[in-house]
Amino acid sequence: MQSNIIPEQIEKKWYVVLGWKFIAILFATQFLGKGVYYGILTYVLLPLFRSYGIDSSTYQVLAATATLSWAFNPIIGLLSDKFVIFYYHKKYWMFICTIIGLVGSGIAFEMSPVAVIIGFFLIHLEISTNDLMAESKYT
């Protein structure tokens, strides 16, 4: 069956159905958060730990600890569905985790390995929670 819809009509329908705010949230979480921000964090961690003189096996353990927050997604999803903040299931959870990520960014530059791990954990918590909330919104 041949469709008579051209790509411009599909794009216009997405904009009308979803709205610019939702498309902006998707851009921020998927492209900036998971793409750019996560990519930078991944490539910065190894040189940072090398500057502290940490060997590769210890680095693997610390890197796994820094990204452990992705495992909390099921718990965060349940909490966001159970506890509504100001009548919104997702919006304020994303805002709170963004503040947590900003705090983590400040902690990560305290120049000690423990502070870097705590900061990177909080930053990954922000990325994973915002990703989860955006995905749950469009599914």
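Visitor: Let's begin inside. Which residues of the largest nonpolar core touch the most other members?

Guide: Leu45, Phe49, Val116 and Phe120 do, in a core of 15 residues. Keep in mind that this is a predicted model. To read a core like this, look for buried nonpolar residues joined through side-chain atoms within 4.5 Å.

Visitor: Which helices supply at least two residues each to this core?

Guide: Helix H2 (20–51), helix H3 (56–66) and helix H6 (113–138) do. H6 gives the most, with five residues.

Visitor: Okay, zoom in on one member. What does Val116 touch?

Guide: A contact here means heavy atoms within 4.5 Å. Leaving aside residues up to four places away in sequence, Val116 touches Leu45, Leu48, Phe49, Tyr52 and Ala108. Two of those, Leu45 and Phe49, are also named with Val116 among the core members that touch the most others.

Visitor: And what does the second core include?

Guide: That one is separate and has six residues, including Trp93, Met94, Leu125 and Met133.

Visitor: Let me step back to the whole chain. How many helices and strands are there?

Guide: Six helices and zero strands. Reading from the N terminus, you get α-α-α-α-α-α.

Visitor: How do I read contacts along the sequence, and what share comes from residues 24 or more positions apart?

Guide: Take the contacts with a separation of 6 or more, then ask which of them join residues 24 or more positions apart: here those account for 70%.

Visitor: What percentage of the residues count as buried?

Guide: The cut-off for buried is under 20% relative accessible area. In this chain of 139 residues, 32% count as buried. On the outside, the chain exposes about 9400 Å², and carbon and sulfur atoms supply 71% of that.

Visitor: Is Thr129 buried or exposed?

Guide: Thr129 is buried, because its relative accessible area is 0%. You'll find Thr129 in helix H6. Its contacts, not counting residues up to four places away in sequence, are Asn73, Ile76, Trp93 and Cys97. Trp93, by the way, also belongs to the second core.

Visitor: Now the surface. Which residues form the nonpolar patch?

Guide: Phe27, Phe31, Leu32, Val36, Ile40 and Val44 form it, with about 520 Å² of accessible area together. A residue needs over 30% relative accessible area to join a patch. Val44, which sits in helix H2, has 36% and is therefore partly exposed.

Visitor: How many aromatic pairs does the structure hold?

Guide: Seven.

Visitor: Why is the pair of Phe49 and Tyr52 called tilted?

Guide: For a ring pair, check the distance between the centres first and the angle between the planes second. Planes under 30 degrees apart count as stacked and over 60 as edge-to-face, so whatever is left counts as tilted. The planes of Phe49 and Tyr52 are at 55°, with the ring centres 6.4 Å apart, so this pair is tilted. The two partners also differ in exposure: Phe49 is buried at 0% relative accessibility, whereas Tyr52 is partly exposed at 25%. Add Tyr59 and you have one aromatic cluster of Phe49, Tyr52 and Tyr59.

Visitor: Last topic, charges. How many salt bridges are there?

Guide: Three. For each one, find the side-chain nitrogen and the carboxyl oxygen, and see whether they lie within 4 Å. Lys34 and Asp131 have their closest N and O atoms 3.5 Å apart. Lys34 lies in helix H2 and Asp131 in helix H6, so this pair ties together parts that are 97 residues apart in sequence.

Visitor: Which residue of helix H6, besides that one, pairs with Lys34?

Guide: Glu135, with the closest N and O atoms 3.8 Å apart. Glu135 is in helix H6 and Lys34 in helix H2, so here the parts tied together are 101 residues apart in sequence. As for exposure, Lys34 is partly exposed at 32%, Asp131 is buried at 5%, and Glu135 is partly exposed at 26%.

Visitor: Which residues meet in the salt bridge at 3.3 Å?

Guide: Asp81 and Lys90, through their side chains. Asp81 is partly exposed at 45% relative accessibility, while Lys90 counts as buried at 16%.

Visitor: And which residues do shared partners join into one network?

Guide: Lys34, Asp131 and Glu135.

Technical notes: Residues are numbered from 1 along each chain as its sequence is written. This is a predicted model: local features need pLDDT of at least 70, side-chain atom pairs count only at pLDDT 80 or more; totals for chains, interfaces and linings use all residues. Side-chain values use heavy atoms; hydrogens and water are left out. Helices (H or I, at least four residues) and strands (E, at least two) are DSSP runs, numbered from the N terminus. Buried means under 20% relative accessible area, exposed over 50%, partly exposed in between (1.4 Å probe, protein chains only). Accessible areas come from the Shrake-Rupley method with a 1.4 Å probe; for residues, only the protein chains shown count as cover. Patches are made of residues with over 30% relative accessible area and no salt bridge: like charges are joined within 9 Å, nonpolar side chains (Val, Leu, Ile, Met, Phe, Trp, Tyr) within 5 Å. Rings of Phe, Tyr and Trp (its six-membered ring) pair if their centres lie within 6.5 Å; planes under 30 degrees apart count as stacked, over 60 as edge-to-face and the rest as tilted.
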